[in-house]
Structures are given as structure tokens and as C-alpha cells.
Amino acid sequence: MAIRIDTPQKIRFLKFIYSQKDGVKSGDIAGKFGIRTSTVTRSLHELGEAGYIRYDPYQKVVLTTEGENITRFIQRRHRILSLMFNRAGLSEHDACEQAEKIEHLVPKEHVDQICRSLGHPRKAACGIIERDPACCGDFI
Ligand SMILES: [Zn+2]
Ligand SMILES: [Zn+2]
């Protein structure tokens, strides 16, 4: 299964929708990120076609199960990359910022390799790293 969320903007949208348990309106997203509603609408349309959100212009946007899964992966990927930069000497703030710039380009297999090389870490500066049983195993 190929996971493909190809722009930093879509990643930000998914994280925001994920953080709002009751769903969001496209206007909320436009306001939050300071961009035009028409731009938001186009991205939401694409996310809907990809099966990650339920999108109806007259309803609040919510994630599908698949959308929730990918957003949890996106969060794990961000935190692993951020920790990698941090361990390589960047400050927590810079590590987080650099991770945001490149994370959309890094595929899961590489995230898992980095996770392994870091010893399957539990925590980065920006939050808890959720375990992925396929990478980190089931052990406590
Ligand atoms: Zn971060
Ligand atoms: Zn792991």
C-alpha cells in the first residue's frame, strides 16, 4: 500500500482536522492557516478523493478511518524525523522546523529504518511517538 500525501499543506490540514474531534468547516481551515477558502476547498476535494476525509461542502469535514490512520503515521513520522535532527545536534525548535520542511518526502520504510536506528524511541520534543507494531514490535 503506497501512502502518498505529497504536500506540506495537506499534512497541516490533516493534522488540524485530526485535532478537532467534532470536525471542521473549510472556513475554519482557511482562517487557521490564513489562506483562501477556494484553495482549501481544492485540497479538501483531493483529500476526499483519496479517501482520507468525508467531504461535503455543506457539512463539517471529518477524517475517515483511513484518514485517521495516515494522520497518526504523519504524526509519528514528524516526531521521528524531529528527534533524528535533535540527536544530530539541532535545537528542539530547529529540529521540529526542519522536520516539517522535509517530512512529506520521506517514505514509511525509511521512517521505520530511522526509528530502528534510534532504538524505537517513545518520545520526541514535540510529543509522544506512537509505536508502530510493524516496526517497533509488541513488547512493552
Ligand atoms: Zn515537531
Ligand atoms: Zn520502531
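**Reading the helices and cores of a predicted model**

Guide: In α3, the residues S38, R42 and E49 are exposed on the other side of the helix from the buried residues V40, S43, L44 and L47. The model is predicted, so local features need pLDDT of at least 70 and side-chain atom pairs count only at pLDDT 80 or more, while totals for chains, interfaces and linings use all residues. Residues are numbered from 1 along each chain as its sequence is written, and chains are lettered from A and ligands numbered from 1 in the order in which they are written.

Visitor: What makes a residue buried, partly exposed or exposed?

Guide: The count of other C-beta atoms within 10 Å of its own decides: 20 or more is buried, 12 or fewer is exposed, and anything in between is partly exposed, with C-beta atoms placed from the backbone.

Visitor: Why is A99 called buried?

Guide: A99 has 23 other C-beta atoms within 10 Å, and is therefore buried. A99 lies in helix α5, residues 92–102. Its contacts (C-beta atoms, placed from the backbone, within 7 Å) include H78, L81, S82 and F85, not counting residues up to four places away in sequence.

Visitor: Why is P121 called partly exposed?

Guide: P121 has 16 other C-beta atoms within 10 Å, which makes it partly exposed. P121 sits in the loop between α6 and β3. Leaving aside neighbours within four places in sequence, P121 is in contact with L83 and I129.

Visitor: What is notable about the phi of H120?

Guide: H120 has a positive phi of about 50° although it is not a glycine. Most residues other than glycine have a negative phi. H120 belongs to the loop between α6 (108–117) and β3 (123–124), and with 16 C-beta neighbours inside 10 Å it counts as partly exposed. A positive phi, near 90°, is also found at G51, which follows α3.

Visitor: What makes a stretch of chain a helix or a strand, and how many of each are there?

Guide: Both are DSSP runs, numbered from the N terminus: a helix is H or I over at least four residues, a strand is E over at least two. The protein chain has 7 helices and 4 strands, in the order α-α-α-β-β-α-α-α-β-β-α from the N terminus.

Visitor: How do you know that the length of α3 agrees with expectation?

Guide: The expected span is 1.5 Å times one less than the number of residues. For the 13 residues of α3 this gives 18 Å, and its end C-alpha atoms are 18 Å apart, which agrees. For the 12 residues of α1 it gives 16 Å, against 17 Å between the end C-alpha atoms, which agrees as well.

Visitor: How do you know that the buried residues of α1 lie on the same side?

Guide: The buried residues of α1 are I11, F13, L14 and I17. They cover an arc (taken from the directions from the helix axis to the C-beta atoms) of only 160°, which puts them on the same side of α1. They pack against α2 (26–33), α3, β1 (53–54), β2 (62–63) and α4.

Visitor: What do the buried residues of α3 pack against?

Guide: The buried residues of α3 pack against α1, α2 and β1.

Visitor: What makes a group of residues a nonpolar core, and which residues have the most contacts inside the largest one?

Guide: A nonpolar core is a set of buried Ala, Val, Leu, Ile, Met, Phe, Trp, Tyr and Cys residues joined through C-beta atoms within 7 Å. The largest one has 15 residues, and L14, I17, Y52 and I53 have the most contacts inside it. At least two residues each come from α1 (8–19), α3 (37–49) and α4 (65–87); the largest share, 4 residues, is that of α1. A second, separate core of 12 residues includes L81, F85, C96 and V111.

Visitor: Which residues does Y52 touch?

Guide: Not counting residues up to four places away in sequence, Y52 touches L14, L47, L63, T64, E66, G67 and I70.

Visitor: Why is the chain called as compact as a globular protein of its length?

Guide: The globule rule, 2.2 Å times the number of residues to the power 0.38, is set against a radius of gyration taken over C-alpha atoms. For 140 residues the rule gives 14 Å and the chain has 16 Å, which is close, so the chain is as compact as a globular protein of that length. Buried residues make up 28% of the 140 residues.

Definitions and conventions
Two residues are in contact if their C-beta atoms, placed from the backbone, lie within 7 Å.
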